[in-house]
Amino acid sequence: MKILIAGMGSIGRRHLRNFQALTAGEFLLLRTRRSTLPDDDLEGIPTEHNLNAALEKHKPDLVVISNPTSLHLDIAIPAAVAGCNLLLEKPISHTMERVSTLSDIVKQNDLRVLVGFQFRFHPGLQYIKALLEDKAIGPIISVHAHWGEYLPAWHPWEDYQKGYAARSDLGGGVLLTLCHPFDYLRWLFGEVVSVSAMMSHEGGLELEVEDTVNVMLRFADGVLGTVHLDYIQRPPTHTVEINGQNGRILWDNEDGAVRWYQTDKETWQTQEMPVDFERNTLFLEEARHLLSCIEDRTEPCVNLVDGIATQKIVLASKQSDSEGKEIAIT
(Lines give C-alpha, C1' and ligand atoms only; values in the text may rest on other atoms or scores of the structure.)
Protein backbone atom coordinates (compact mmCIF):
# COMPACT_ATOMS: atom_id res chain seq x y z
CA MET A 1 0.00 0.00 0.00
CA LYS A 2 1.18 3.52 -0.81
CA ILE A 3 0.28 6.12 1.81
CA LEU A 4 0.45 9.86 1.19
CA ILE A 5 0.48 12.05 4.28
CA ALA A 6 -0.59 15.65 3.70
CA GLY A 7 0.47 17.96 6.51
CA MET A 8 3.46 17.26 8.70
CA GLY A 9 2.57 18.97 11.94
CA SER A 10 2.41 16.95 15.15
CA ILE A 11 -0.66 14.89 14.16
CA GLY A 12 0.67 14.14 10.67
CA ARG A 13 3.91 12.86 12.17
CA ARG A 14 2.00 10.76 14.68
CA HIS A 15 0.05 9.12 11.86
CA LEU A 16 3.30 8.51 9.95
CA ARG A 17 4.93 6.80 12.95
CA ASN A 18 1.88 4.65 13.58
CA PHE A 19 1.50 3.46 10.00
CA GLN A 20 5.23 2.77 9.94
CA ALA A 21 4.86 0.73 13.14
CA LEU A 22 2.14 -1.29 11.42
CA THR A 23 4.45 -1.79 8.42
CA ALA A 24 1.63 -0.52 6.26
CA GLY A 25 3.66 0.02 3.10
CA GLU A 26 5.42 2.82 1.21
CA PHE A 27 5.17 6.43 2.35
CA LEU A 28 5.07 9.77 0.60
CA LEU A 29 4.86 13.25 2.12
CA LEU A 30 3.01 16.28 0.76
CA ARG A 31 4.53 19.35 2.37
CA THR A 32 4.39 23.13 2.37
CA ARG A 33 7.38 23.20 4.80
CA ARG A 34 5.51 25.52 7.17
CA SER A 35 5.75 23.06 10.04
CA THR A 36 7.54 24.39 13.12
CA LEU A 37 8.93 20.94 13.97
CA PRO A 38 12.42 19.68 12.99
CA ASP A 39 12.72 17.39 9.96
CA ASP A 40 15.23 14.86 11.26
CA ASP A 41 12.64 12.07 11.51
CA LEU A 42 11.47 12.65 7.92
CA GLU A 43 14.80 12.17 6.14
CA GLY A 44 14.72 9.67 3.31
CA ILE A 45 10.95 9.77 2.78
CA PRO A 46 9.95 10.93 -0.73
CA THR A 47 8.38 14.40 -0.65
CA GLU A 48 6.19 16.27 -3.09
CA HIS A 49 4.99 19.87 -2.93
CA ASN A 50 2.22 19.68 -5.52
CA LEU A 51 -0.87 17.56 -4.83
CA ASN A 52 -1.75 16.75 -8.42
CA ALA A 53 1.81 15.71 -9.16
CA ALA A 54 1.84 13.50 -6.07
CA LEU A 55 -1.42 11.80 -7.03
CA GLU A 56 -0.50 11.28 -10.69
CA LYS A 57 3.08 10.16 -10.13
CA HIS A 58 2.73 7.98 -7.04
CA LYS A 59 -0.92 6.84 -7.22
CA PRO A 60 -1.39 6.41 -3.43
CA ASP A 61 -3.96 3.99 -2.07
CA LEU A 62 -4.55 6.04 1.09
CA VAL A 63 -4.23 9.76 1.78
CA VAL A 64 -3.93 11.00 5.35
CA ILE A 65 -5.26 14.55 5.59
CA SER A 66 -3.69 16.30 8.57
CA ASN A 67 -3.25 19.84 7.31
CA PRO A 68 -5.18 22.82 8.81
CA THR A 69 -8.96 22.39 9.02
CA SER A 70 -9.96 24.96 6.41
CA LEU A 71 -7.67 23.24 3.86
CA HIS A 72 -8.91 19.67 4.40
CA LEU A 73 -11.19 19.53 1.38
CA ASP A 74 -8.52 21.02 -0.89
CA ILE A 75 -6.74 17.69 -0.39
CA ALA A 76 -9.68 15.36 0.19
CA ILE A 77 -11.64 16.08 -2.99
CA PRO A 78 -8.78 15.65 -5.51
CA ALA A 79 -7.59 12.57 -3.60
CA ALA A 80 -11.07 11.04 -3.73
CA VAL A 81 -11.35 11.83 -7.45
CA ALA A 82 -8.07 9.94 -7.88
CA GLY A 83 -9.60 6.92 -6.13
CA CYS A 84 -7.76 7.23 -2.82
CA ASN A 85 -9.14 6.08 0.50
CA LEU A 86 -8.93 8.75 3.20
CA LEU A 87 -8.01 9.26 6.82
CA LEU A 88 -9.60 12.68 7.22
CA GLU A 89 -8.67 14.49 10.41
CA LYS A 90 -11.49 16.02 12.38
CA PRO A 91 -13.30 18.26 11.86
CA ILE A 92 -13.91 17.45 8.23
CA SER A 93 -13.85 21.17 7.34
CA HIS A 94 -14.77 24.59 8.75
CA THR A 95 -18.00 24.95 6.73
CA MET A 96 -20.39 22.71 4.82
CA GLU A 97 -19.20 24.11 1.49
CA ARG A 98 -18.05 21.30 -0.87
CA VAL A 99 -18.82 18.60 1.71
CA SER A 100 -21.60 17.18 -0.47
CA THR A 101 -19.15 17.10 -3.39
CA LEU A 102 -16.75 14.97 -1.37
CA SER A 103 -19.59 12.73 -0.21
CA ASP A 104 -20.78 12.12 -3.77
CA ILE A 105 -17.27 11.23 -5.00
CA VAL A 106 -16.69 8.86 -2.08
CA LYS A 107 -19.92 7.02 -2.90
CA GLN A 108 -19.23 6.91 -6.63
CA ASN A 109 -15.72 5.50 -6.15
CA ASP A 110 -16.66 3.20 -3.26
CA LEU A 111 -13.93 4.64 -1.03
CA ARG A 112 -13.23 4.10 2.65
CA VAL A 113 -13.14 7.28 4.71
CA LEU A 114 -12.24 7.28 8.39
CA VAL A 115 -12.72 10.60 10.19
CA GLY A 116 -10.14 11.16 12.92
CA PHE A 117 -12.33 10.93 16.01
CA GLN A 118 -9.89 8.70 17.87
CA PHE A 119 -11.92 8.66 21.11
CA ARG A 120 -14.14 6.02 19.46
CA PHE A 121 -11.21 3.68 20.17
CA HIS A 122 -10.91 4.56 23.87
CA PRO A 123 -11.44 1.43 26.01
CA GLY A 124 -13.20 3.48 28.69
CA LEU A 125 -15.75 4.96 26.31
CA GLN A 126 -16.21 1.58 24.65
CA TYR A 127 -16.96 0.12 28.08
CA ILE A 128 -19.49 2.90 28.72
CA LYS A 129 -21.22 2.02 25.45
CA ALA A 130 -21.52 -1.58 26.64
CA LEU A 131 -22.95 -0.43 29.99
CA LEU A 132 -25.53 1.72 28.20
CA GLU A 133 -26.51 -1.12 25.88
CA ASP A 134 -26.99 -3.33 28.97
CA LYS A 135 -29.08 -0.55 30.58
CA ALA A 136 -26.83 -0.77 33.64
CA ILE A 137 -28.19 2.51 35.06
CA GLY A 138 -31.66 2.39 33.52
CA PRO A 139 -33.09 4.95 31.10
CA ILE A 140 -30.67 7.84 30.55
CA ILE A 141 -31.79 11.33 31.57
CA SER A 142 -28.78 13.56 30.96
CA VAL A 143 -25.11 13.66 30.06
CA HIS A 144 -22.41 16.29 30.55
CA ALA A 145 -19.01 16.40 28.85
CA HIS A 146 -16.35 18.86 30.03
CA TRP A 147 -13.09 19.51 28.21
CA GLY A 148 -10.86 22.41 29.19
CA GLU A 149 -7.21 22.59 28.11
CA TYR A 150 -4.84 25.57 28.05
CA LEU A 151 -4.08 26.38 24.41
CA PRO A 152 -0.58 27.88 24.89
CA ALA A 153 0.56 24.58 26.41
CA TRP A 154 -0.47 22.47 23.40
CA HIS A 155 2.59 23.22 21.25
CA PRO A 156 4.95 25.12 23.57
CA TRP A 157 7.60 25.30 20.83
CA GLU A 158 5.49 27.70 18.74
CA ASP A 159 3.48 30.91 19.11
CA TYR A 160 -0.02 29.68 19.99
CA GLN A 161 -1.64 32.69 18.33
CA LYS A 162 -0.21 31.61 14.96
CA GLY A 163 -1.34 28.00 15.18
CA TYR A 164 -4.37 26.66 13.30
CA ALA A 165 -6.45 26.31 16.50
CA ALA A 166 -6.26 30.08 17.10
CA ARG A 167 -6.92 31.33 13.55
CA SER A 168 -10.31 31.72 11.91
CA ASP A 169 -8.78 31.53 8.41
CA LEU A 170 -7.47 28.05 9.20
CA GLY A 171 -10.71 26.81 10.75
CA GLY A 172 -9.74 27.32 14.39
CA GLY A 173 -11.79 28.06 17.49
CA VAL A 174 -12.56 25.76 20.37
CA LEU A 175 -15.84 24.48 18.87
CA LEU A 176 -14.18 23.02 15.79
CA THR A 177 -10.85 22.10 17.32
CA LEU A 178 -12.22 20.22 20.35
CA CYS A 179 -15.33 18.78 18.67
CA HIS A 180 -14.63 15.19 19.80
CA PRO A 181 -17.41 15.12 22.44
CA PHE A 182 -20.06 15.83 19.84
CA ASP A 183 -18.97 12.72 17.96
CA TYR A 184 -18.68 10.34 20.88
CA LEU A 185 -21.94 11.56 22.44
CA ARG A 186 -23.73 10.84 19.14
CA TRP A 187 -22.14 7.39 19.19
CA LEU A 188 -23.32 6.78 22.75
CA PHE A 189 -26.77 8.43 22.70
CA GLY A 190 -27.91 8.77 19.10
CA GLU A 191 -28.71 11.71 16.91
CA VAL A 192 -28.85 15.31 18.13
CA VAL A 193 -31.99 17.10 16.95
CA SER A 194 -31.31 20.63 18.26
CA VAL A 195 -28.67 22.72 20.00
CA SER A 196 -28.46 25.93 21.99
CA ALA A 197 -25.05 27.51 22.54
CA MET A 198 -23.19 30.48 23.97
CA MET A 199 -19.58 31.36 23.06
CA SER A 200 -17.04 33.65 24.68
CA HIS A 201 -13.76 35.34 23.75
CA GLU A 202 -12.93 36.47 27.29
CA GLY A 203 -10.19 33.97 28.19
CA GLY A 204 -7.39 36.52 28.02
CA LEU A 205 -5.57 34.79 25.17
CA GLU A 206 -6.26 37.60 22.67
CA LEU A 207 -7.66 35.26 20.02
CA GLU A 208 -9.83 36.12 17.02
CA VAL A 209 -11.79 32.90 17.60
CA GLU A 210 -13.94 31.73 20.52
CA ASP A 211 -12.01 30.31 23.47
CA THR A 212 -14.95 29.08 25.57
CA VAL A 213 -18.32 27.57 24.68
CA ASN A 214 -21.26 25.94 26.43
CA VAL A 215 -23.60 23.88 24.25
CA MET A 216 -26.92 22.28 25.19
CA LEU A 217 -27.90 19.22 23.14
CA ARG A 218 -31.34 17.69 22.69
CA PHE A 219 -31.12 14.06 21.52
CA ALA A 220 -33.80 12.34 19.47
CA ASP A 221 -34.69 9.92 22.28
CA GLY A 222 -35.17 12.71 24.84
CA VAL A 223 -31.76 12.68 26.54
CA LEU A 224 -30.50 16.16 27.40
CA GLY A 225 -26.80 16.90 27.05
CA THR A 226 -24.39 19.71 27.83
CA VAL A 227 -20.87 20.17 26.51
CA HIS A 228 -18.32 22.65 27.88
CA LEU A 229 -15.18 23.36 25.86
CA ASP A 230 -12.42 25.87 26.57
CA TYR A 231 -8.83 26.84 25.76
CA ILE A 232 -8.29 28.24 29.26
CA GLN A 233 -8.33 25.57 31.92
CA ARG A 234 -5.24 24.64 33.92
CA PRO A 235 -4.66 21.85 34.73
CA PRO A 236 -6.59 20.29 31.84
CA THR A 237 -9.78 18.32 32.43
CA HIS A 238 -11.71 16.01 30.12
CA THR A 239 -14.60 14.19 31.78
CA VAL A 240 -18.03 12.72 31.10
CA GLU A 241 -20.90 12.33 33.58
CA ILE A 242 -24.01 10.32 32.68
CA ASN A 243 -27.15 10.28 34.84
CA GLY A 244 -29.78 7.57 34.55
CA GLN A 245 -32.90 6.72 36.47
CA ASN A 246 -31.01 3.99 38.33
CA GLY A 247 -27.48 5.33 38.70
CA ARG A 248 -24.55 7.31 37.34
CA ILE A 249 -21.52 6.71 35.11
CA LEU A 250 -18.33 8.78 35.36
CA TRP A 251 -15.31 8.83 33.04
CA ASP A 252 -12.13 10.85 33.44
CA ASN A 253 -9.63 10.98 30.59
CA GLU A 254 -6.78 11.54 33.07
CA ASP A 255 -6.76 7.90 34.18
CA GLY A 256 -9.23 6.56 31.61
CA ALA A 257 -11.17 4.53 34.15
CA VAL A 258 -14.97 4.16 34.20
CA ARG A 259 -16.83 4.38 37.51
CA TRP A 260 -20.51 3.63 37.81
CA TYR A 261 -23.05 3.60 40.61
CA GLN A 262 -26.19 1.43 40.61
CA THR A 263 -28.89 2.53 43.02
CA ASP A 264 -30.14 -1.00 43.71
CA LYS A 265 -26.66 -2.11 44.81
CA GLU A 266 -25.73 1.21 46.46
CA THR A 267 -22.10 0.69 45.50
CA TRP A 268 -19.55 2.15 43.09
CA GLN A 269 -17.82 -0.16 40.64
CA THR A 270 -14.69 0.63 38.62
CA GLN A 271 -13.36 -0.57 35.29
CA GLU A 272 -9.66 0.24 35.08
CA MET A 273 -7.74 0.78 31.87
CA PRO A 274 -5.59 -1.96 30.32
CA VAL A 275 -2.10 -1.82 31.82
CA ASP A 276 -0.47 -1.19 28.44
CA PHE A 277 -2.77 1.69 27.46
CA GLU A 278 -1.28 5.03 26.51
CA ARG A 279 -2.64 8.00 24.57
CA ASN A 280 -1.11 6.88 21.29
CA THR A 281 -3.04 3.60 21.58
CA LEU A 282 -6.10 5.49 20.32
CA PHE A 283 -4.34 6.63 17.16
CA LEU A 284 -2.64 3.28 16.60
CA GLU A 285 -5.95 1.43 16.81
CA GLU A 286 -7.49 4.02 14.51
CA ALA A 287 -4.82 3.32 11.87
CA ARG A 288 -5.13 -0.44 12.33
CA HIS A 289 -8.93 -0.22 11.92
CA LEU A 290 -8.69 1.77 8.71
CA LEU A 291 -6.18 -0.63 7.16
CA SER A 292 -8.51 -3.50 7.99
CA CYS A 293 -11.50 -1.71 6.44
CA ILE A 294 -9.56 -1.02 3.25
CA GLU A 295 -8.42 -4.63 2.99
CA ASP A 296 -11.81 -6.16 3.82
CA ARG A 297 -13.88 -3.51 1.99
CA THR A 298 -15.89 -2.80 5.15
CA GLU A 299 -17.21 0.52 6.40
CA PRO A 300 -15.12 2.35 9.04
CA CYS A 301 -16.73 2.73 12.46
CA VAL A 302 -16.59 6.52 12.18
CA ASN A 303 -17.10 7.44 8.56
CA LEU A 304 -17.84 10.55 6.51
CA VAL A 305 -21.53 10.43 7.48
CA ASP A 306 -20.47 10.68 11.12
CA GLY A 307 -18.10 13.52 10.33
CA ILE A 308 -20.89 15.42 8.57
CA ALA A 309 -23.24 14.90 11.53
CA THR A 310 -20.70 16.37 13.94
CA GLN A 311 -20.03 19.24 11.54
CA LYS A 312 -23.73 20.10 11.57
CA ILE A 313 -23.76 20.18 15.38
CA VAL A 314 -20.78 22.54 15.46
CA LEU A 315 -22.18 24.89 12.83
CA ALA A 316 -25.63 24.89 14.46
CA SER A 317 -23.94 25.84 17.73
CA LYS A 318 -22.29 28.80 16.04
CA GLN A 319 -25.64 29.80 14.56
CA SER A 320 -27.34 29.47 17.95
CA ASP A 321 -24.84 31.81 19.58
CA SER A 322 -25.18 34.31 16.73
CA GLU A 323 -29.00 34.30 16.70
CA GLY A 324 -29.58 33.72 20.40
CA LYS A 325 -31.98 30.79 19.98
CA GLU A 326 -32.22 27.03 19.82
CA ILE A 327 -31.37 25.67 16.37
CA ALA A 328 -32.88 22.52 14.88
CA ILE A 329 -30.47 20.20 13.09
CA THR A 330 -31.72 18.88 9.76
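User: Is D183 buried or exposed in this structure?
Analyst: This is a predicted model, in which local features need pLDDT of at least 70, side-chain atom pairs count only at pLDDT 80 or more, and totals for chains, interfaces and linings use all residues. Residues are numbered from 1 along each chain as its sequence is written, and side-chain values use heavy atoms, with hydrogens and water left out. Buried means under 20% relative accessible area, exposed over 50%, and partly exposed in between (1.4 Å probe, protein chains only). Because its relative accessibility is 1%, D183 counts as buried.

User: Which parts does the salt bridge between D183 and R120 tie together, and how many residues apart in sequence are they?
Analyst: A salt bridge is a side-chain nitrogen of Lys or Arg within 4 Å of a carboxyl oxygen of Asp or Glu, and the side chains of D183 and R120 meet in one at 2.8 Å, N to O. Since D183 lies in helix α7 (residues 180–189) and R120 in the loop between β6 (113–115) and α5 (123–133), the pair ties together parts that are 63 residues apart in sequence. Helices (H or I, at least four residues) and strands (E, at least two) are DSSP runs, numbered from the N terminus. The parts asked for are therefore helix α7 and the loop between β6 and α5, 63 residues apart.

User: Which helix holds both E133 and K129?
Analyst: The side chains of E133 and K129 meet in a salt bridge (3.8 Å, N to O), with E133 exposed at 55% and K129 partly exposed at 21%. Being 4 residues apart, they are separated by about one helical turn in helix α5.
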